[in-house]
Each structure stands twice: as C-alpha cells, then as structure tokens.
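Q: Please pick one part of this and take me through it up close. I'd like to see how it connects to whatever is around it.

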Amino acid sequence: MNLKNSKFYKRIQELRHFSKEKIRKSREQRTRVSVTRALDMALSERACSDREWFSSEQSPTAGTASPLRRVKKLRYPKKKASVGKQMDDPYYHLAGGQSSGGNSPMQAEAKLQGLIQLNNTTYRVDCPTRVLNPLKINDEVRSGSDSKSTICVTNSRYAMIGKISKTLGYRLVKESKMWNILWSDSFPGVELFKNMKRFQQINHFPGMIEICRKDLLSRNLNRMQKQFPQDYKIFPKTWMLPADYGDAMNYALNHKRTFILKPDSGAQGRGIWLTNDLKTIGAHERLICQTYIHRPLLIDGYKFDLRVYTLITSVDPLRIFVYNEGLARFATNKYVEPTPGNSNDLYMHLTNYSVNKRNSHYELCDNDDCGSKRKLSAINNWMRRHNYDVDEFWSNVDDVIIKTVLSAWPVLKHNYHACFPGHDKIQACFEILGFDILVDWKLKPYILEVNHSPSFHTNEQVDREVKRPLIRDTLNLVSTSLADKRLILKEDRKRVKQRLLKIRGEPPAQRHRLNGGISKAKIDVKTSNPEAKASANPVQMESEPGDQGPLAQQIAWEDGHLGNFRKIMPPPDLAKLAYYARFYAQSNQVSIFAETAASKKREDLARKMRIQIEEKKAKQQQMLNGKCKREARKRLAVMLPRAVREKNRMSLFRMRENWSPGFISDAEERLRHTWLHMRSEAIRTLKITENIYSTLYECGHLTNTDMVVYPHLYHNLQHGFDIRQNP
C-alpha cells in the first residue's frame with residue numbers, strides 16, 4: 001500500500017502547509033506592527049523621552065562616514081526614568097540654546113533633535129519637549145502606569161451593564177480577579193466587604209437594607225416622626241403588624257379609612273391588597289399596614305407613581321445625587337376611589353409594572369405623552385401645561401429623598417466604618433436606589449418604598465432611553481480612576497512584609513480615614529438648641545479640601561462628571577444645609593438597635609389582644625362543631641374500666657365487619673344522573689367557569705395550576721379575547 005496516496009498522509013501535509021502559512025503571516029504582521037509603531041513613536045511627542053534618539057554631535061552624518069547606526073528596539077519602558085536623568089543623557093540635545101538644568105517649572109520652547117533609521121532610510125526629526133517640575137513627576141509616572149480599569153458583572157443578570165462598561169473602556173473580569181468595580185444585583189456578604197482592597201468599589205452599602213425593607217423603613221420613619229413630627233410628614237401613616245395591631249385597631253375605630261396591606265419584605269406588587277376592615281387580618285400575620293391615599297394626582301384619569309433614581313457615593317460625608325430622568329408608571333384601569341366593590345381591582349390601585357403588564361389594557365407607545373410607562377420629562381411637560389410649579393415640586397421630592405436616607409444615616413455610617421476601616425483613597429461603595437414616590441392631588445410627594453436593586457431591563461424604548469444613560473453617567477461619576485491599583489498593591493505588600501518580618505524601620509505613614517462629614521465634634525448633640533448650633537457655622541458640614549486630599553479629589557471629580565445627575569446633598573443653599581443638620585443629631589439612637597419601653601408595651605398589648613381573639617374563635621368553633629359533647633363522651637370513655645372498653649371495641653369491630661350498604665333503587669340513580677347532567681349543562685350554558693376564570697385573571701390571582709388546567713382560556717385572555725362573550 002502506497003502511504004503517499006492515503007487520506008491520512010494528505011491530511012498531514014495540509015496541516016503542515018497550514019501551520020507554515022500561519023507562521024509566515026504572523027511574522028509579516030509583527031514586522032508591519034513594529035514599523036508602524038516606530039513611526040508613530042518617532043512622530044509623536046511621547047517618543048521624545050525614549051532612548052532611541054541621537055544628538056546632533058553623535059549622528060552618523062556629522063563629520064564621519066561611518067555606517068548608519070541602527071536604532072534600538074522600540075518598546076515602552078516599565079518605569080519612566082526621572083526627567084533630570086533623561087535630560088542629562090548624552091544622546092539628547094536641546095535645540096534653541098535651551099538648557100536642561102535650572103529651576104524653572106517648564107520650558108515649552110525646547111526641542112529635541114535626532115535621527116531614526118527605518119527600512120534602510122534615515123529620518124531626521126525635531127520634537128518639541130519640555131522640562132517638567134520635579135514635583136509633578138509623580139503625577140506623570142502615575143498617568144503612564146495606570147492600567148485599564150476592570151469591572152465584574154457576573155453577579156448581575158442585566159447584560160446592558162457589561163455592554164456599557166465596555167464602551168466606557170472597562171475590561172470585564174471574573175469575581176476571582178482583581179476587579180476595580182463589582183456590580184451585583186443582591187446584597188453581598190460581610191466577608192466580601194472585609195476582603196476588598198483599597199482600590200475596589202462595590203455597588204452596595206452595608207446597612208442600606210435599613211431603608212430598602214418595608215418594615216425597617218417604616219420603623220426608621222416612625223422613629224424620626226416622633227422626634228420631628230412637623231418635618232417627617234413624608235409618608236402615609238404606617239403600622240407594623242402584629243406589634244402595632246392595637247394601635248391600628250384603635251385608629252380604624254375612630255377613622256373610616258381604606259387600608260393597604262403589604263408583606264414586610266415583598267417586591268413587585270406581590271401580596272398587596274386593600275381592606276376597609278382590619279378585623280379580617282390574621283392575628284399572627286407579619287404585614288405592613290398603611291392608610292391608603294385615596295386622592296392621588298391623576299393624568300388622563302389614571303393613577304401613577306414616580307421611579308426616581310438616586311445615586312449615593314458616600315455616607316460620611318453624605319453625598320446624594322438624583323438623576324434628572326426617570327420613569328412614571330401608570331395603572332392600566334381608570335382610577336375610582338376605593339369601595340368594597342372595586343378594592344380587589346389591582347390594575348386600578350397598583351402601579352407596579354410587574355402587575356399591570358399582565359393586563360390587556362397595558363399600552364405600549366413611543367410618544368412621550370402616552371403609554372403606561374413614560375419619562376419624567378413628559379410628566380414635567382404635563383405639569384407645566386397645567387400651570388404647576390415644577391421646580392418647587394422637585395424640591396419637595398429631593399427633600400423626601402434626603403430625609404429618608406437621613407433616617408438610617410447612623411446605621412449606614414457605623415456599618416461603613418466597621419467594614420472599611422482602611423479605605424483612604426476612594427470610597428469603597430456607591431449605590432443606585434429606586435425611590436417610589438406617590439403624588440397626591442395637592443402635588444405633595446409621599447415615599448412608598450425604596451428599591452436597593454431597581455430593575456434595569458430594557459423591554460421598551462422608554463426603558464432604553466432612561467436606563468442606558470443612567471448606567472453610563474453612574475460609571476463616569478464614581479471615582480474609580482482616582483485610585484492607583486499598582487501603587488496600592490505595592491504598599492499593601494510592603495506593609496504585610498514589614499509586619500511578618502517585624503522590621504523596625506521608619507513607621508509607615510499613618511492613613512487617615514476618608515471622611516469629612518458631620519461628626520460629633522462638629523455637632524453638639526447635648527445642645528438645647530441644635531438649630532442655632534447648626535446655623536452658626538453650617539459650612540462645617542462640607543469637608544475642607546485643603547485638609548483632606550483624597551476626599552477633595554473625589555468631590556472635584558464628582559462635580560466635574562455629573563452628567564445628567566444633580567447634587568442634592570449637601571445642598572448649595574446654606575439655609576437648607578443648616579436645616580438638615582438637625583437630623584444628623586438623632587438623640588435616641590439606641591432605639592435603632594434595641595427595644596424601648598414603648599415597643600415592649602405595644603407588643604404586650606398586641607399579645608393580650610391576640611389571646612382574646614383566639615379564645616373567642618375557639619369558643620365559636622366549639623359551638624359550631626359540637627366539640628363539647630364529643631369531648632365529654634371521650635372523657636366518660638376514658639373513665640370506664642379496661643374490660644368494658646375492650647368489649648365495646650370488639651363489638652364495634654364486628655359491626656363494621658358485617659356492615660353492608662343500603663338498597664339504592666334504579667329510579668333514584670337515574671334521577672341523580674339527570675340532575676348532574678342538568679348541573680353540567682347550566683355551567684356550560686351560563687359560562688360560569690369562563691366568568692370566574694376571567695375575574696381571577698383581571699385581579700391577578702391566577703395560579704400556575706389554573707394556567708395548566710385551562711390553557712385555552714389563558715391563551716385567549718393573553719391575546720385580548722373576551723371569553724365571557726365568545727363561544
């Protein structure tokens with residue numbers, strides 16, 4: 001057999017030819033890249049600082065006919081040499097009579113002359129250069145050594161974040177790599193916070209759950225309302241059940257109101273319902289009970305709420321930014337004040353997108369003045385057309401946001417400094433919060449809830465127009481580029497080495513904490529008049545840039561990269577600055593972490609009321625079921641002797657063994673079948689199943705079992721057919 005004619009031999013020859021061709025192309029590519037790079041370096045300003053140049057005295061053309069000297073291989077040095085050393089090098093020559101020495105900060109007219117040889121051709125180049133101030137050398141070295149920033153989005157389900165990060169120059173990495181920013185949809189663990197390096201940032205603050213859970217938000221706002229009753233009228237009256245069950249019942253007896261019930265940690269409108277009677281609530285249910293705002297602001301007859309995106313870049317000092325664009329989410333049924341008949345219509349009373357998207361009346365529209373989801377700019381235009389003061393309205397919204405964050409500020413500050421004691425270059429966290437604001441007919445905003453991870457899905461055009469610029473401006477605003485990753489890692493390794501080897505050299509420079517907000521030294525909590533104390537010197541709330549370099553750099557960076565954000569905290573008005581200073585000095589901060597006498601009293605009262613209700617229900621159940629008689633007979637049976645009880649048991653067993661069913665006549669059986677047929681026919685003719693199914697679908701109470709058992713009905717409803725009328 002001739003091997004040269006076999007398929008295997010031919011395949012080997014093809015692979016060899018392919019590999020040779022690939023090697024040849026790679027060599028040509030490397031040659032082309034090196035030539036291009038050399039030309040770029042020769043004709044650019046950066047090439048003037050490299051060591052490939054000749055002076056005019058040492059050039060081959062000056063007096064001698066020696067062969068042309070080849071230039072060294074061009075490559076970027078790992079570390080830049082100092083400027084003084086470069087300018088004293090004999091290969092450099094400054095034209096125009098300029099000297100490389102001297103103490104002048106900059107010499108802009110100096111020129112660097114030299115020759116470069118490429119492809120057997122010699123080029124003479126003159127590049128302008130400058131002598132830098134030695135104090136600025138570190139900044140130049142840093143800008144040259146900075147590597148590409150990295151971001152980890154593996155813990156996020158939104159692909160849009162990774163795409164926008166790539167367009168901004170970030171490199172996507174895994175969580176195990178040395179990332180600069182970690183973007184996560186959920187709250188990370190404490191271990192992740194404590195293991196973060198000083199150049200790393202994460203998109204969640206430890207302790208932000210204090211305002212992102214409905215029960216904790218209600219507790220903090222109620223606590224602040226007791227201290228500042230006139231200032232914290234920014235949320236509906238709220239009770240946390242079952243602890244505040246007694247207070248809620250007393251309020252319901254004296255006020256005929258509609259109440260809205262929410263789960264303490266729910267989301268996306270799940271488990272929300274309306275009631276006029278709080279007695280229907282279970283004794284052990286953990287719920288948030290709020291008074292229903294029955295006169296909201298309506299647009300085209302529909303109820304709506306505002307999703308305001310808020311960025312917090314620091315908690316000490318507190319710095320809050322609000323995005324100028326957001327979403328207005330509309331209900332899909334026209335609003336009517338709640339009654340017992342329409343309280344189950346969730347498409348009328350709830351504005352959650354996850355609820356209303358299931359309604360057939362949900363409207364998709366590319367125009368700003370229509371649709372079930374619109375931009376905030378469209379709402380502003382509508383208010384201007386109806387002669388509302390838009391600036392005053394948004395000032396009130398900013399006030400609501402600031403006071404909500406301040407209600408949990410002590411916890412946020414404590415948790416941040418406990419998790420990040422060594423972050424002295426940049427802030428370790430930033431967070432985008434979604435504030436849900438409801439507006440009443442007087443244009444007064446109310447805070448409903450705060451979302452720690454608002455949805456960044458872009459199912460509609462309005463979502464893409466709002467959320468993509470929001471992510472881009474957020475990544476531009478955070479001060480990630482102010483931290484030098486290589487320098488920080490080098491300092492950390494040096495510190496670890498000194499600690500392990502116990503080197504007694506010079507003590508390392510003490511790292512000061514990156515803060516500058518209101519501290520106990522700047523606000524006297526014991527002062528009887530905190531307003532006067534705060535107004536005496538309100539500028540102290542801002543950090544002094546001269547005293548703290550990293551913080552001043554962050555403030556300057558944020559003020560120069562606002563994009564479409566506006567800064568609301570600290571406010572530019574000194575009067576507002578002094579006004580918000582009062583809320584920092586929260587006197588009873590112990591109530592945040594521990595129980596108080598009032599809370600214990602409420603719990604005792606609620607426990608007694610639950611016991612009374614349970615006893616009353618038990619008595620009613622006993623009367624209905626005749627349980628008392630059965631228990632009496634059971635007690636009597638227990639008192640009988642054992643022989644008598646055994647005899648009764650055997651007689652009962654024999655009776656059951658010999659039991660036979662009674663006689664059933666054929667006429668009765670035919671009559672029973674006739675009635676069953678008439679029942680089935682009535683259900684089919686009157687469309688009872690279709691009516692019940694349609695009602696459950698409109699109320700949002702369909703279960704997965706209902707969809708599986710009646711798939712045709714669910715399919716027709718999804719496509720907008722009326723199953724009550726269609727055959």
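A: Start with strand β9 (residues 259-263), which pairs with β10 in the antiparallel sense over 3 bridges. Two strands are called paired when DSSP finds at least two bridges between them. Strands and helices here are DSSP runs (E, at least two residues, for a strand; H or I, at least four, for a helix), numbered from the N terminus. One of the bridges puts Leu261 opposite Trp273 in β10. Before going on, keep in mind that this is a predicted model: local features need pLDDT of at least 70 and side-chain atom pairs count only at pLDDT 80 or more, while totals for chains, interfaces and linings use all residues. Residues are numbered from 1 along each chain as its sequence is written, and side-chain values use heavy atoms, with hydrogens and water left out.

Zoom out a little and you get an open sheet of 4 strands in the order β8-β11-β9-β10, with antiparallel pairing. At the edges sit β8 (238-241) and β10 (273-275), each pairing on one side only. Neighbouring strands are turned by 25 degrees against each other on average, direction ignored. Those angles come from axes, lines fitted to C-alpha atoms (for helices, over the stretch in contact), and run from 0 to 180 degrees between N-to-C directions.

Now for the β8 edge. It is joined to β11 by 4 bridges, again antiparallel, and Thr238 stands opposite Gln290 there. In a regular strand the side chains alternate between the two faces of the sheet. You can follow that along β8: Thr238 and Met240 point one way, Trp239 and Leu241 the other, and all are buried. Buried means under 20% relative accessible area, exposed over 50%, and partly exposed in between, using a 1.4 Å probe and protein chains only. Right after the strand there's a nice oddity: the peptide bond from Leu241 to Pro242 is cis, with omega near 10 degrees. Pro242 belongs to the loop between β8 and α8. Most residues other than glycine have a negative phi, and most peptide bonds are trans.

That loop takes you to the helices. Helix α8 (residues 245-254) lies across β8, β9 and β11, running at about 135 degrees to β8. Helix α7 (residues 214-227) lies across β8, β9 and β11 (287-291) too, at about 130 degrees to β8. Contact, wherever it comes up, means heavy atoms within 4.5 Å.

β9 and β11 also show up around a cavity. They are among the elements that give two or more residues to the lining of the largest cavity, along with β13 (302-315), β17 and β18. The lining has 23 residues, with Ile260, Lys262, Lys303, Leu350 and Leu448 lying nearest the centre. Its volume is about 280 Å³, and the structure holds 6 cavities of 30 Å³ or more. A cavity is a set of points on a 1 Å grid over the protein atoms alone where a 1.4 Å probe fits but cannot get out; lining residues have an atom within 4 Å of a point. Points are joined across faces, edges and corners, and the volume is the space filled by probe spheres set on them.

Follow the lining to β17 and β18. Strand β17 (residues 431-439) is joined to β18 by 6 antiparallel bridges, and Gly434 stands opposite Asn451. Their hairpin has 5 residues between the strands, and Leu443 takes a positive phi near 65 degrees. Strand β18 (residues 445-451) is mostly covered, with 7 of its 7 residues buried.

One residue of that stretch deserves a stop: Ile447. Leaving aside neighbours within four places in sequence, Ile447 is in contact with Leu221, Ile234, Phe235, Pro236, Val400, Thr404, Phe435, Asp436 and Ile437. In the largest nonpolar core, which has 63 residues, Ile447 is among those touching the most other members, with Ile211, Leu306, Val308, Leu406 and Phe435. Helix α12 (residues 390-406) supplies the largest share of this core, 9 residues. A nonpolar core is a set of buried Ala, Val, Leu, Ile, Met, Phe, Trp, Tyr and Cys residues joined through side-chain atoms within 4.5 Å. A second, separate core of 25 residues includes Val153, Ile161, Leu327 and Ile471.

Methods
1 Å grid on protein atoms, 1.4 Å probe; cavity = no way out; pocket = protein on both sides within 12 Å on 5 of 7 lines; lining within 4 Å.
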